[in-house]
Amino acid sequence: MKKRAASDPRKRKGLTIVHTGDGKGKSTAAFGLALRAAGNKMKVFILQFMKGQWKAGERKMFSQMEPMVEFEAMGDGFTWDTNNPEQDRQTASKAWEIVKPKILSGDYPVVILDEINYVLNYRFLDEDEVLDTLRNKPESVHVICTGRNAPPALIELADLVTEMKCVKHPFKEQKIPAQKGIEF
Ligand code: ATP
Ligand code: MG
């Protein structure tokens, strides 16, 4: 029988993690990792590329977890305007300029780029720039990228990719709108 390669108990590596797919749970799984990391005294930086939900429970909770968790939402005072792609690009690059140095500094063992797949798909951010940063991040830093339709090159680069598959969703089958504690 073929011998399985032994795992090295000392091996450590900051991972590039991708949560994608059309099922619910991509962002919440990332926030679960934030909780887990912060509980281990690992600082977490979260950047939400989509319009920030002011009322979102996670945001209220993360603000109570400062300074273990820092949270920035791009949508503050702004909504994506698909009629003005130039403005969307500027907004996305402003967000990127905030988070890139956080990734490269090594000060945050966990960085969450929530919905970055969305902005990459819409070409609001340069894919090569993002991938280069992930390739050159400090060895110890874990980065989690969420959003539907993760670009193939990001999937290729990542160490851990999970695709959430929608089996049922209360909105799809029953037209139940977003509910507190579940969606926000
Ligand atoms: P969550 O933040 O709850 O983990 P998500 O990050 O996987 O969700 P997004 O693509 O960010 O999903 O969409 C966010 C919102 O869309 C959530 O309110 C979620 O319930 C809803 N949603 C996710 N998947 C579906 C689906 N297949 N059909 C309808 N609504 C969905
Ligand atoms: Mg999400």
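In β5, the residue that serves as bridge partner to Thr16 is Val143, and this pairing is a good place to enter the structure, which is a predicted model. Thr16 belongs to a strand, β1, whose six residues are six out of six buried, and the sheet around it consists of six strands in the order β3-β2-β4-β5-β1-β6. The points below move from the sheet to the helices, then to the magnesium ion, the cysteines and a few unusual backbone positions.

**The sheet**

- The six strands form an open sheet with parallel pairing, and its edge strands are β3 (69-73) and β6 (160-164), each of which pairs on one side only.
- From one strand to the next, the twist averages 10°.
- β1 is joined to β5 by four bridges, the two strands running parallel, and within this pair Ile17 stands opposite Ile144 in β5.
- β1 is also joined to β6, again in parallel, by five bridges, and here Val18 stands opposite Val161 in β6.
- In a regular strand the side chains alternate between the two faces of the sheet.
- In β1, Thr16, Val18 and Thr20 lie on one side while Ile17, His19 and Gly21 lie on the other, and all of these are buried, so that both faces of the strand are covered.

**Helices against the sheet**

- Helix α1 packs on the sheet, where α1 touches β1, β2 (44-48), β3, β4, β5 and β6, and the direction of α1 makes about 150° with that of β1.
- Helix α3 lies across β2, β3, β4 and β5, and α3 runs at about 160° to β2.

**Helix α5 and its buried side**

- Helix α5 (residues 127-135) has four buried residues named here, Val130, Leu131, Thr133 and Leu134, and they are on the same side of α5 because they cover an arc of only 160° around the axis.
- An α-helix has 3.6 residues a turn, so residues three or four places apart point the same way.
- The buried residues of α5 pack against β1 (16-21), α3 (85-105), α4 (116-121), β5 (142-146) and α6 (152-157).

**The magnesium ion**

- The magnesium ion (ligand 2) is coordinated by Ser27 through OG and by Glu115 through OE, at 2.0 to 2.1 Å.
- These two residues link distant parts of the chain, 88 residues apart, with Ser27 in helix α1 (residues 26-39) and Glu115 in the loop between β4 (110-114) and α4.
- Ser27 counts as buried because its relative accessible area is 16%, which is under the 20% limit.

**Cysteines**

- The count of disulfides comes to zero, where a disulfide would need a pair of cysteine sulfur atoms within 2.5 Å.
- Cys145 is buried, with a relative accessible area of 0%, and Cys166 is buried as well, with a value of 16%.

**Unusual backbone positions**

- Glu66 and Pro67 are joined by a cis peptide bond whose omega is about 5°, and Pro67 is found in the loop between α2 (57-64) and β3.
- Lys41, which lies in the loop between α1 and β2, has a positive phi of about 60° although it is not a glycine, and Lys41 counts as exposed because its relative accessibility is 71%.
- Asn149, in the loop between β5 and α6, likewise is not a glycine and yet has a positive phi, of about 50°, and Asn149 is exposed, with a relative accessible area of 56%.

Notes. Residues are numbered from 1 along each chain as its sequence is written. Chains are lettered from A and ligands numbered from 1 in the order in which they are written. This is a predicted model: local features need pLDDT of at least 70, side-chain atom pairs count only at pLDDT 80 or more; totals for chains, interfaces and linings use all residues. Side-chain values use heavy atoms; hydrogens and water are left out. Buried means under 20% relative accessible area, exposed over 50%, partly exposed in between (1.4 Å probe, protein chains only). The arc is that of the directions from the helix axis to the C-beta atoms. Contact means heavy atoms within 4.5 Å. Donors are N, O and S atoms within 2.8 Å of the metal (3.2 Å for Na, K and Ca); water is not among the atoms, so sites may look incomplete. Two strands pair if DSSP finds at least two bridges between them. Axes are lines fitted to C-alpha atoms, for helices over the stretch in contact, and angles run from 0 to 180 degrees between N-to-C directions.
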